[in-house]
Amino acid sequence: MNSPLIDSLGLRFGANGLPYEVPLHPQLVHLTLGLFIIAIFFDIAGAIFPIERPIFKFLGIPAIRSGLFDVGWYNLLGAAVVTFFTVAFGFFELMLANPPINQKSDWGLNASWTMLLHGLGGVLLLGIIVAMTVWRGLQRYYWLKNASRQVQWFYLLVGISIMGLLYLHGTLGGQLGSEFGVHITAAKLLQEGANPNLLPK
């Protein structure tokens, strides 16, 4: 996109069509993924701690149940905060995208539909992660405050389901980069059989 509005910002665009060298949205996406997945897995570890306790003891790992839940909570809190920036940079980079119009992804979608679904999915996932954080906070500080298990089983089940959504959503984003070459000029050059080392600096 090269609208007068974008031009009026006076930004200098590099080889990938962005005012910075490396797309920031994919970096933030992986941070969101990592924080969320660690949060759910540590909460699962805390929930089944009575089963794991002999294993930790055998391995000499001084794990305590509340520590596992602390890791789960603070990683989820971090995921909620980071995802606001992930979505913001995602929309900024989508706004500057100039994808091919006569090409389809492995899922049979053109670039416009892929971008639309990826954008809407990002907002939806942001809302879900924030809702999960509120839900987790209520469990931690109110509902299960004095319980040894700090999370509900249904919460963990929903968390695992959201990981599936994150996988599907991430695949759409990956298709934008690898198949449509959105902000990855090297991918376009490789598809055209050109040498990616010819990428202008």
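In this predicted model, Arg136 and Asp43 are joined by a salt bridge in which the closest N and O atoms are 2.8 Å apart. The two partners come from distant parts of the chain, with Arg136 in helix 5 (residues 111–143) and Asp43 in helix 2 (residues 24–47), 93 residues apart. Both ends of this pair are covered, since Arg136 is buried and Asp43 is buried as well.

By the rule applied here, the count comes to 2 salt bridges, and the other one also involves helix 5. Here the side chains of Asp70 and Arg140 meet, with 2.9 Å from N to O. This pair too links distant parts of the chain, Asp70 belonging to helix 4 (residues 65–95) and Arg140 to helix 5, 70 residues apart. The surroundings of the two residues can be stated separately: Asp70 has a relative accessibility of 28% and therefore counts as partly exposed, because the buried class ends at 20%, whereas Arg140, at 13%, counts as buried.

Arg65 offers a contrasting case. This residue is found in helix 4, and although Arg65 is buried, it has no salt bridge, the nearest side chain of opposite charge being that of Glu52 at 7.5 Å. That separation lies outside the salt-bridge rule because the rule requires a side-chain nitrogen of Lys or Arg within 4 Å of a carboxyl oxygen of Asp or Glu. What the side chain of Arg65 does reach is the backbone oxygen of Ala47, at 3.1 Å. Leaving aside neighbours within four places in sequence, Arg65 is in contact with Gly46, Ala47, Phe49, Pro50, Ser148 and Arg149.

From the charged residues we may turn to the nonpolar interior. The largest nonpolar core has 22 residues, and those with the most contacts inside it are Phe36, Ile40, Met132, Val151, Tyr155, Leu156 and Ile162. At least two residues of this core are supplied by each of helix 2, helix 4, helix 5 and helix 6 (153–178), with helix 2 giving the most, 7 residues. Ile162 illustrates how the core is connected, for beyond its neighbours within four places in sequence it is in contact with Phe36, Leu125, Ile128 and Met132. Apart from this core lies another, of 7 residues, among them Ala97, Ala111, Met115 and Phe180.

Ala97 leads on to His183, which lies in the loop between helix 6 and helix 7 (185–191). The C-alpha atoms of His183 and Ala97 are separated by 6.7 Å, although the two residues are 86 residues apart along the chain. With a relative accessible area of 8%, His183 is buried. Not counting residues up to four places away in sequence, His183 touches Asn16, Gly17, Leu18, Pro23, Glu93, Leu96 and Ala97. In the case of Glu93, its backbone oxygen lies 2.5 Å from a polar atom of the His183 side chain.

Finally, the model may be set beside its record. An unreviewed UniProt entry carries the annotation "transmembrane region" for residues 28–51, 72–92, 112–132 and 153–170. In the model, residues 28–51 are 96% helix and 0% strand, and the end C-alpha atoms of this span lie 35 Å apart. Residues 72–92 are 100% helix and 0% strand, with 30 Å between the end C-alpha atoms.

Terms used. Residues numbered from 1 in each chain as written. Predicted model: local features only at pLDDT ≥ 70, side-chain atom pairs only at ≥ 80, totals over all residues. Heavy atoms only, no water. Helix = DSSP H or I, 4+ residues; strand = E, 2+ residues; numbered from the N terminus. Buried < 20%, exposed > 50% of the residue type's maximum accessible area, 1.4 Å probe, protein only. Core = buried A, V, L, I, M, F, W, Y, C linked by side-chain atoms within 4.5 Å. Contact = heavy atoms within 4.5 Å. Lys, Arg positive; Asp, Glu negative; His and termini not counted. Polar contact = N/O pair within 3.5 Å; in protein donor to acceptor, adjacent residues only side chain to side chain. UniProt positions renumbered as here; feature names shortened; annotations may be inferred.
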